[in-house]
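Grab a pencil and work through these exercises with the model open beside you. Each task comes with a worked solution, so try it before you read on.

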Number of protein chains: 4
Amino acid sequence: MEKKINAGIVGGAGYGGGEMIRLLLNHPNVNISFVHSRSNAGNPLYAVHADLLGETELTFTGELSNDVDVIFLCLGHGEAKKFVEDNDIPANINIIDLSQDFRLGETAKGREFVYGLVEMNREKIAHAKNIANPGCFATAIQLGLLPLAKAGKLQEVHTTGITGSTGAGQSLQATSHFTWRANNVSTYKVLSHQHLKEIRRSLQLLQPSFGGEINFVPVRGDFPRGIWITSYLNSDLTLEEAQQLYKDYYANHPFTHVSDKQIDLKQVVNTNKVLIQLEKVGNKLVIHSIEDNLVKGASGQAIQNMNIMYGLDETAGLKLKSIVF
Amino acid sequence: MEKKINAGIVGGAGYGGGEMIRLLLNHPNVNISFVHSRSNAGNPLYAVHADLLGETELTFTGELSNDVDVIFLCLGHGEAKKFVEDNDIPANINIIDLSQDFRLGETAKGREFVYGLVEMNREKIAHAKNIANPGCFATAIQLGLLPLAKAGKLQEVHTTGITGSTGAGQSLQATSHFTWRANNVSTYKVLSHQHLKEIRRSLQLLQPSFGGEINFVPVRGDFPRGIWITSYLNSDLTLEEAQQLYKDYYANHPFTHVSDKQIDLKQVVNTNKVLIQLEKVGNKLVIHSIEDNLVKGASGQAIQNMNIMYGLDETAGLKLKSIVF
Amino acid sequence: MEKKINAGIVGGAGYGGGEMIRLLLNHPNVNISFVHSRSNAGNPLYAVHADLLGETELTFTGELSNDVDVIFLCLGHGEAKKFVEDNDIPANINIIDLSQDFRLGETAKGREFVYGLVEMNREKIAHAKNIANPGCFATAIQLGLLPLAKAGKLQEVHTTGITGSTGAGQSLQATSHFTWRANNVSTYKVLSHQHLKEIRRSLQLLQPSFGGEINFVPVRGDFPRGIWITSYLNSDLTLEEAQQLYKDYYANHPFTHVSDKQIDLKQVVNTNKVLIQLEKVGNKLVIHSIEDNLVKGASGQAIQNMNIMYGLDETAGLKLKSIVF
Amino acid sequence: MEKKINAGIVGGAGYGGGEMIRLLLNHPNVNISFVHSRSNAGNPLYAVHADLLGETELTFTGELSNDVDVIFLCLGHGEAKKFVEDNDIPANINIIDLSQDFRLGETAKGREFVYGLVEMNREKIAHAKNIANPGCFATAIQLGLLPLAKAGKLQEVHTTGITGSTGAGQSLQATSHFTWRANNVSTYKVLSHQHLKEIRRSLQLLQPSFGGEINFVPVRGDFPRGIWITSYLNSDLTLEEAQQLYKDYYANHPFTHVSDKQIDLKQVVNTNKVLIQLEKVGNKLVIHSIEDNLVKGASGQAIQNMNIMYGLDETAGLKLKSIVF
């Protein structure tokens, strides 16, 4: 039997951390060395993540250990960079950061981070020491646009994104109060969402000439998990040409698939998959792309990155049963 | 034109207060004199109750006025009694209290309160100075049992009650976080809910011999509005006899109806109605009773009480369109 | 007391018909003369619309009567025109049609129909004999754009619309199966929704020069009632100028209001209101507009039209308590 | 590498069949030999189970094959028995039937079926040729009562059960219409649910003296997955004694756990687990038990049975990530 990868999780009490634990507990090649949470130190994991009752007797720790191969940082934006700066993490430990702190090329303590969008950067990821895991909206939007950018076909894009409530985390807010959010719709950060920066950065790497706007309307959906993206743009590609372009692009990517039929969000909820569906209406190409925001949009993608970094099967630990209903 | 009733609302920023405002704004015989809320004084009502935009330009006030006929107290449990004790409310002003502070015969400053369950106490209410408005669960459970109690047919009762999230008010709690509550079920205060006291009190008034238990399992439902009650007990009544008993009892009550068909909660959501359906299985009589917890279970019933106190049509201001879907 | 308007409802067993009944039952100036439904003739209304139990003992009829002032047609698209052609409805009876059959200037038996968007056509409606009631999406989208069109400021528009499941009616379909639709998102008729025709027709009446596209992405939401619209376009108006333009346009319209704060769908559910909120981001003007698809988007607007045709207060019978939660 | 178990699925187009496929696709010791569905023969599995896109290229077949070790019957009640009678299935092929056709000792073609409730019958299952997989409600209710029955402590029981909509399958019905079911509550088969027979049978096997009633109120919940059970009965056990009794009973059962804290349904959704929580109020013992109706209540339990029959780790293929949110 191969030696297992020893993994530490920092910020293990939040939604991202919890999903990290759930996935790693069942990963055939990983051993969870520690789950760090200062406020919950000493408590069993299931005291916070109640669904873990019966899964593990592990407890949270307030101490960091250097006896690990990789650390997953599941901290708030801004806190990840501070954590790297404040702690002496040996250089041989890999870091996979789920925050936005290192997605635009930022460094800390000399560490450089590869942007962990596998479907764009698989080779770089394979040789990376540190990974900046993409944002949830950014992942779904980019996967809907990468093939066009690579083909130099990108123009001004119009995008609607609808996100589940888990995207807002576990803090109690007026916009995540059940009474308010159930059966409700609202928008936020219209045309100004922070993920636009990392999206634009990736797209311009593939298509340096791209200068058009990405007009993004984020919507709060009244469901807990998942992100739905519909983008459209002017395009001279026929539907068949576009479908071929996308299928070719994703041919060797095990989690991203092009559907010939209409898709719906629950096809991917609780999985690491992204499904894409294309339509052509007049001169507009329409691209739908969907994911689970906590899996492919966060912790699942982090593990996908780890798998590639360590030369494992990209799907190890990520063959997940969808909730489907 | 008749003179309108001048009404003040104390605690106008909560769910009960908001529903009070919504209903009174459209009441043909009522003028809202003031809506009191210390923390929101000076703000328009729609700053807190956003759906009131376009309905009224009224603002919250931090001052009380004695130039009213009736005051609705929409305060937390314990606060209502304190409010009556701390303020010199002239004796000629009627008080309708929505808390549980006066439901068991408590008094304050010499004020006595009639228990405002119209379908049991209409005559007393007509002559009351002050009303203790029943609890939401208590209303639906009692309306399912009153005819039996009056007929001396009550025995040990087994009751399940499922409530919408509005029953927990607007404070942000873990059990009202959308991500947690959506698609979820849980129970609380099993067999020990505080409403059992007022329920037992009423039932024993009608059937003094009743000494059986009322076993009540309260369930948190994953919807915002409404209460579903299923009670059952041993009974020698046939279904037809029971239906006749209930129909006779409620014949003169405009808001309570016995359905011959299976009922579902959304038949009454956003109305002041209670629907009751009976089944007989073996020697057990099953009684389903449903209401909107914020209307018949709180503010609507408060207005129904006011209507009777002031000699108005009992349904004035309470002919509400159901949401139905 | 004034003589009441006698109203007949044709197609009374569907969602539109049911909502028509609910609203007219409480309308102070209307008497429901008949509710027509061939398949339900003889049954009480509450046999189909279960929430009407306790509201009315009216039954469906399979016969039409000419002893009415106005007929509301709540039939499927295509059936309304056929109904007018197949039945000899005396010329003095007004028709308000909720289908799309007469929205683009179509006629039948010599009857001409005024497009019943009050906020654009109030004068014409006041003198109309027959009304083509606007579509649900069309109402919300147009009310978000009318002030711009009137000011000649319209350009290519990008619109997302999210609709509740009631928009799909009561027929059992795969896309309205609870198990499928709960927590799900999907789109349909992307960039090709049939309401675009009536929208474009109205906008060009106000701004004949307008030739830009209206790019509309319709989304199936996982809630029963309501429509959320977000539109954006390039604009040289400042936010303040745009807000003033909209507030001026709607100053005399009792159901349409401009909010200075972020809006959410449940502010209008179960009411006849439309709320509009504006944002300016860079050179883009963003317009959010919301409605209840069954009320302002259908039956409520039909009554609003009737009120104006008959010289009543525009809000008669339409002062509705919002569900809010 | 061990030889894999070859499995056939009959009735693969329904909810039970789909969940069977999802689970077996990821089972390390199983090969899916065929998925039978007459109406879908020739179509890829993902044409019916859309979430399987990207998971498998298998197609439905209209032919049965005898080249399998085990057949899972995912047919409607009544159809399973007919299937066994109408087809010559070689005696060496094991059958695991998910219907209710063989749960009460029925036989067909000489085949006898062991009741597949692992937590009661593990030894018998290990030697069984055919399994009658328990009903969904029956599983959760029994797991809440087995330890009491084994200890001879069972008396008349009062049980409420709330089920997700998937329990009603994929056929389009009025009670599974999204518009109706969302935010709604209703009951069915009150005190007369068909699962009571198999429940009583099991309990009397463990406690032959038990003659009390099991009063069961089934409730339709407005969520897709999961079953919540609350049972209570008179008991002389203290809470500590009862907890010890339950923990001892389930000590060697990997999927059933006793929680010391309040439980909620989403702790187990999308897993094969059952969580149990006990309360003592006065002389009543309260037992909450929860499961995913499609996994532990159907297909997951079927695989658990197969694992035991074939001497595999009981949890093989059943280490599932919960949806949790």
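Helices (H or I, at least four residues) and strands (E, at least two) are DSSP runs, numbered from the N terminus. This is a predicted model, so local features need pLDDT of at least 70 and side-chain atom pairs count only at pLDDT 80 or more, while totals for chains, interfaces and linings use all residues; side-chain values use heavy atoms, with hydrogens and water left out. Residues are numbered from 1 along each chain as its sequence is written, and chains are lettered from A and ligands numbered from 1 in the order in which they are written.

**Exercise 1.** Find the place of B:L172, and work out which residues it is in contact with once neighbours within four places in sequence are left aside.

*Solution.*
- Step one, location: B:L172 sits in the loop between strand 7 (157-163) and helix 6 (178-181) of chain B.
- Step two, accessibility: buried means under 20% relative accessible area, exposed over 50%, and partly exposed in between (1.4 Å probe, protein chains only). With 39% relative accessibility, B:L172 is partly exposed.
- Step three, contacts (heavy atoms within 4.5 Å): apart from its neighbours within four places in sequence, B:L172 meets A:L172, A:Q173, A:A174 and A:H177.
- Step four, a distance check: B:Q155 is 17 residues from B:L172 in sequence, and their C-alpha atoms are 39 Å apart in space.

**Exercise 2.** Stay in chain B and describe the surroundings of B:N43.

*Solution.*
- Start with the loop: B:N43 falls between strand 2 (30-36) and helix 2 (45-48) of chain B.
- Next, its relative accessibility is 33%, so B:N43 counts as partly exposed.
- Then the contacts: ignoring residues up to four places away in sequence, B:N43 touches B:T59 and B:F60.
- Finally, B:N43 and B:T59 are 16 residues apart in sequence, with 5.3 Å between their C-alpha atoms.

**Exercise 3.** At roughly what angle do the axes of helix 5 and helix 9 of chain C cross?

*Solution.*
- Axes are lines fitted to C-alpha atoms, for helices over the stretch in contact, and angles run from 0 to 180 degrees between N-to-C directions. The axes of helix 5 (residues 136-150) and helix 9 (residues 295-309) of chain C cross at roughly 100° and come within 8 Å.
- Now classify it: angles under 35 degrees count as roughly parallel, over 145 as roughly antiparallel, 65 to 115 as roughly perpendicular and the rest as oblique. Helix 5 and helix 9 of chain C are therefore roughly perpendicular to each other.
- Who meets whom? C:C136, C:T139 and C:L143 come from helix 5 of chain C, and C:K296, C:G297 and C:Q301 from helix 9 of chain C.
- The residues of this contact sort into two nonpolar, three polar and one charged. Here Ala, Val, Leu, Ile, Met, Phe, Trp, Tyr, Cys and Pro count as nonpolar, Asp, Glu, Lys and Arg as charged, and the others, Gly among them, as polar.

**Exercise 4.** Where does helix 5 of chain C bend, and what span does this helix reach?

*Solution.*
- The bend at a residue is the angle between axes fitted to the seven residues ending there and the seven starting there. For helix 5 of chain C that gives about 40° at C:G144, with a proline, C:P147, following within four residues.
- The expected span is 1.5 Å times one less than the number of residues. Helix 5 of chain C, with 15 residues, reaches 21 Å from first C-alpha to last, close to the expected 21 Å.
- Burial comes next: 14 of the 15 residues of helix 5 of chain C are buried, so the rest of the structure largely encloses it.
- Just past the end of helix 5 of chain C, C:G152 has a positive phi of about 70°.

**Exercise 5.** Now do the same for helix 9 of chain D: where is its kink centred?

*Solution.*
- The kink, about 50°, is centred on D:Q301.
- Helix 9 (residues 295-309) of chain D spans only 18 Å between its end C-alpha atoms, where a straight helix of 15 residues would span 21 Å.
- 15 of the 15 residues of helix 9 of chain D are buried, so it is largely enclosed by the rest of the structure.
- D:G311, just after helix 9 of chain D, takes a positive phi of about 70°.

**Exercise 6.** Is C:V324 buried or exposed?

*Solution.*
- C:V324 belongs to the segment after helix 9 of chain C.
- Its relative accessibility is 13%, so C:V324 counts as buried.
- Check the backbone too: C:V324 is not a glycine, yet its phi is positive, at about 60°.
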